[in-house]
Every structure is written in structure tokens, then in C-alpha cells.
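Biologist: I am new to reading protein models. Could you walk me through one, feature by feature?

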Amino acid sequence: VADAWEASMKDILEVKSQKDIPELNIYQCGTYKMHSLEDAKAIATEVLRKDIDIMDNEALALDLAKVEQ
């Protein structure tokens, strides 16, 4: 999954212009007007800069002792 995610981010960086995005039209994408290639490239660059890692479910678990009841 991490390899596929990384390849997807790199693929975004290779898109030359908005018109080159597949399915970005009124017929195939209900939110086609909301897409921004510039924003997508910025996000992809940031994801690749930070690296892709495996999350540890135990480390992510909410410590209920820290929750005010």
C-alpha cells in the first residue's frame, strides 16, 4: 500500500496541466470544478517530503485517562 501511495504522489507531480487529469469533466466528476492541480502537487510534495510510514495502532489509541468526563 505504501508503495502504491508513493507512486500515486509521484504520478501527480508528473501531470503537466489541469486538462491532462483523467475524468476531470462534468460527466465523470461531480466536483470537477473544485480540483486544483497546483494544490494537489503541493500536497503530493509534502507527503513525499515527510515519507510514508506504517502507523502503530497501539501508539494511536486514545488514552481514556486523558479524556475529561
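Modeller: We will go from the overall fold to single residues and then to a pocket. Keep in mind that this is a predicted model.

Biologist: Let us begin with the fold. How many helices and strands does the chain have?

Modeller: The count here is 3 helices and 0 strands. Following the sequence from start to end, you read the pattern α-α-α. Helix H1 covers residues 2-14 and helix H2 covers 37-50, while helix H3 takes in residues 57-60.

Biologist: Why does the span of H2 agree with its number of residues?

Modeller: A helix rises 1.5 Å a residue, so the 14 residues of H2 should span 20 Å, and the C-alpha atoms at its ends are indeed 20 Å apart.

Biologist: What radius of gyration does the chain have, and what would a compact globule have?

Modeller: The chain has 18 Å, whereas a compact globule of 69 residues would have a value near 11 Å. Measuring boxes are handy too: along the principal axes, the C-alpha atoms fill one of roughly 50 × 30 × 20 Å.

Biologist: What percentage of the residues in the chain is buried?

Modeller: Buried residues make up 9% of the 69. For single residues, the cut-off to remember is that exposed means over 50% relative accessible area. Val 1, in the segment before H1, has 93% and is therefore exposed.

Biologist: Which residue is Val 1 paired with in your distance list, and how far apart are they in space?

Modeller: The partner is Ile 54: the two are 53 residues apart in sequence, and their C-alpha atoms are 9.8 Å apart in space. Asp 3 gives another example. It lies in helix H1, and its C-alpha atom is separated by 8.6 Å from that of Ile 52, 49 residues away along the chain. Asp 3 counts as exposed because its relative accessibility is 62%.

Biologist: What does a pair with a sequence separation of 49 look like when it involves H3?

Modeller: Take Glu 58, which lies in H3. Glu 58 and Met 9 are 49 residues apart in sequence, and their C-alpha atoms are 27 Å apart in space. With a relative accessible area of 71%, Glu 58 is exposed.

Biologist: What share of the contacts with a separation of 6 or more comes from residues 24 or more positions apart?

Modeller: That share is 55% in this chain.

Biologist: Now for backbone angles. What sign does phi have in most residues?

Modeller: Most residues other than glycine have a negative phi. In this model, Glu 23 has a positive phi, near 65 degrees, and it sits in the loop between H1 and H2. Asp 51, which follows H2, also has a positive phi, near 75 degrees.

Biologist: Last topic: how does one look for empty space?

Modeller: The general idea is to roll a probe the size of a water molecule over the atoms, which shows where empty space is left. In this structure, the largest pocket holds about 210 Å³ of space.

Biologist: Which helices supply at least two residues each to the lining of that pocket?

Modeller: Helices H1 and H2 do, and the largest share, 3 residues, comes from H1. The lining includes Ser 8, Asp 11, Ile 12, His 35, Leu 37 and Ala 40. Sorted by class, it has 6 nonpolar, 3 polar and 3 charged residues.

Biologist: Is Asp 11 buried or exposed?

Modeller: Asp 11 is exposed, because its relative accessible area is 52%. This residue is found in helix H1, and its C-alpha atom is 9.6 Å from that of Lys 41, 30 residues apart along the chain.

Note on methods:
Residues numbered from 1 in each chain as written. Predicted model: local features only at pLDDT ≥ 70, side-chain atom pairs only at ≥ 80, totals over all residues. Heavy atoms only, no water. 1 Å grid on protein atoms, 1.4 Å probe; cavity = no way out; pocket = protein on both sides within 12 Å on 5 of 7 lines; lining within 4 Å. Points joined across faces, edges and corners; volume = space filled by probe spheres on them. Helix = DSSP H or I, 4+ residues; strand = E, 2+ residues; numbered from the N terminus. Nonpolar A, V, L, I, M, F, W, Y, C, P; charged D, E, K, R; others polar. Expected span 1.5 Å × (residues − 1). Rg over C-alpha atoms; globule rule 2.2 N^0.38 Å. Buried < 20%, exposed > 50% of the residue type's maximum accessible area, 1.4 Å probe, protein only. Contact = heavy atoms within 4.5 Å.
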